Amino acid sequence: MNYQLKIYNSLTGEKEIFKPILEGNVGMYVCGPTVYSNVHMGNVRTFMSFDFIYRTLMHLGYKVRYVRNITDAGHLTDDGDVNNDRFVKQSRLEKLEPMEIVQKYTVDFHKVLSMFNNLPPNIEPTATGHIIEQLELTKVLIEKGLAYVSNGSVYFDVRAYNEQGGNYGELSKRNIDELFANTRDLDGQDEKKNPQDFALWKKASPEHIMKWPSPWGEGFPGWHLECTAMSTKYLGDRFDIHGGGMDLKFPHHECEIAQGKACNGTSPVNYWMHANMLTMNGQKMSKSTGNTILPMELITGNNDFFEKAFHPSVVRFFFLQAHYRSVVDLSNEALLASEKGFNRLMEAVKIINEIAPTANSSQPIANRIIEWKEKCYAALTDDFNSPILISHLFEAVKWIFQWKNGDEEISIDELNTLKSLLNGFVYDVLGLQDLEESNSEKLDGAMRILIDLRNQARKAKNFELSDEIRDKLLSEGIELKDSREGTSYVLK
C-alpha cells in the first residue's frame, strides 16, 4: 500500500488521512436493508457505493471485514405506534407470517445486489439473531443511569447523556439544547421524559406478533440499538468505518454514537461515511407521487419512464460516474449516454486483451502509462473518486483505439502493463461485467433448467417430452451430450 488514502469523515466534515486501527486491516459496518418490501433503486445506489469502497480497499491491499446487517425486527413507522410495525403491517397485507415477509424480501435483496455484481459482505447478521446482545446493552445503559424504564418500554435518556459529557447531535450538527428548549412544553405528554429520547426496547401489545421476553416484559428491540449490538460484536467497541445512506445520519447514526459512547466509554467509529440520495427525472423518488421504479422494472424495461431495458452493468456504470457523496439523477437520457460510454469502454477492454504488440519498448509510452497509473490511484485514494477514475480510464481508451488503428505502435511490455491495470480497474474495482460474459451466464442458467426438466421427464419415463427437449435444442444449435457424469451441452 504505497498510496495515502483520504476519506471524507461526516463527523468532522473534512477529508482525513485514513489510519486504520490495526495496520493493514479495515473493519467496516454498513447499515443494511429493512426487509419488509422490495429493495428500491435508492438502496441499490447506496449499497453499490459501499461495494465500490469495499472493492477499492481490497484493491489497495487492505484485509477488510465487511459487516452489513439485515433489519428484520423492531422497525416502526415514523409515528412510533407499535401497531404500525412495518413487518406486521406487510404480513397482514400479504397474509404471510412476519418471518415469511423477512425471508421473501431478504431473498429479493440478495438477488438484486447479485444482479448488479455487488460482492457479499463477510458477515451479514440479523436483528432477530442478536436479541440477547441488545438486552445486555440495554441493561448496561440502565445501570449507568442513561436509560429508564417506562410502562414496559426502555428509553435512552438524551438529557442525562449530555449532562454526563455526551454530545448528542455531534454528527448531524444539531443543537440539542435548542431542541429541548423548543419542545419543553411537550414533555410528559407520553411515556418518554423528553421527545428526543429514543427507544431501546418497546413494549409489545398483546396482539403484536414479533416479540421476545425481557426483564421489562414482552417486547421487541428499538431500531437504533440493533446496529450498535451487531457492529460492536463483530468489529469491536471501536472500528474504522461506518457507512450508510445520508438519510440515516439523523437520528439513526446519531443514536449509534450516543449508545456506543454510553456503553463502552469510547466513540464507536473513526470514519463516518454517507452516500447521497437518488432522484429520478429531477424529482425526489416517492411511492406516493408515483415517481419511483424498482430495479427489475428498470432492468427488464417494464416501466413507463425509460424507452428501453438497461443492463445491470450499464446502470452500475451510470451510478459510478457520480461521486458517492453527490446526488444522482436517474433519467432516460442519462442512462442512454452512460450506455454509450460503457460500450466504448468495454470494447476497448476487449481490444487490449486481444491486440498484438507492434513495436519494441518505448520509454515515452512507458512513462505515459506510469503517469496515467498514478492519476488513477490518486483518484481512487481521494475519497474513492469514481468519476475521476473513469475519466482517466477513457484516456487509456483513446490510446487503445490509436493502437488498433495503427496510429501509434505499442510493445508487449507496455501492452501487458496497461492490460493488467485496465482489467483491474474495470473488473475488480468498478465491478463492471462484460455483456457477452453476462449473457453466457444467463445461457448456462437456462440450460441447467432445461436439462433438469429433461432429466425429470426421463425419470418419469416421459421419453416423448425428453426427446422433444433434446431435438428442439438441437434445431437451435445446442447439442445435449449424456454421460455417466451427467448431461452437458455444446454449441454447434
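So, which helix is proline 251 found in? Proline 251 sits in α8, residues 249–264. I start there because of the peptide bond: phenylalanine 250 and proline 251 are joined in cis, with omega at about 5°. Most peptide bonds are trans. One caution before I go on: this is a predicted model.

Okay, on to backbone angles. Most residues other than glycine have a negative phi. Asparagine 281 goes the other way, with a positive phi of about 55°. You'll find asparagine 281 in the loop between β11 (278–280) and β12 (283–284), and it is partly exposed, at 39% relative accessible area. Aspartate 383 also has a positive phi, near 55°, and isn't a glycine either. Aspartate 383 is in the loop between α12 and α13, but here the relative accessibility is 0%, so this one counts as buried.

Just past that loop, let's look at α13. Helix α13 runs over residues 386–404, which is 19 residues, and covers 27 Å from first C-alpha to last, close to the 27 Å expected at 1.5 Å a residue. Its buried residues include Leu389, Leu393, Ala396, Ile400 and Trp403. Recall that residues three or four places apart on an α-helix point the same way. His392, Trp399 and Phe401 are among the buried ones too. What do the buried residues of α13 pack against? They pack against α1, α10, α11 (332–354), α12 (363–380) and α14 (412–429).

Two of those partners also pack on each other. Helix α1, residues 41–59, meets α10, residues 312–320, at an angle of about 75°, and the axes are 10 Å apart. That makes α1 and α10 roughly perpendicular. On the α1 side the contact involves Met41, Val44, Arg45, Met48, Asp51, Phe52 and Arg55, and on the α10 side Val315, Arg316, Phe319 and Leu320. By class, the α1–α10 contact has 7 nonpolar and 4 charged residues, with no polar ones.

Last topic, cysteines. How many disulfides does a search of the whole structure find? The count is 0. Take cysteine 255: why no bond there? The closest cysteine sulfur, in cysteine 227, is 11 Å from the sulfur of cysteine 255, and that is too far for a bond; a disulfide here needs the two sulfurs within 2.5 Å. Cysteine 255 is also buried, at 0% relative accessible area. Then there's cysteine 263, likewise in no disulfide, with the nearest cysteine sulfur, that of cysteine 255, 13 Å away. Cysteine 263 counts as buried as well, at 9% relative accessibility.

That's my tour; over to you.

Technical notes: Residues numbered from 1 in each chain as written. Predicted model: local features only at pLDDT ≥ 70, side-chain atom pairs only at ≥ 80, totals over all residues. Heavy atoms only, no water. Axes fitted to C-alpha atoms, helices over the stretch in contact; angles between N-to-C directions. Helix = DSSP H or I, 4+ residues; strand = E, 2+ residues; numbered from the N terminus. Parallel < 35°, antiparallel > 145°, perpendicular 65-115°, else oblique. Contact = heavy atoms within 4.5 Å. Nonpolar A, V, L, I, M, F, W, Y, C, P; charged D, E, K, R; others polar. Buried < 20%, exposed > 50% of the residue type's maximum accessible area, 1.4 Å probe, protein only. Expected span 1.5 Å × (residues − 1).
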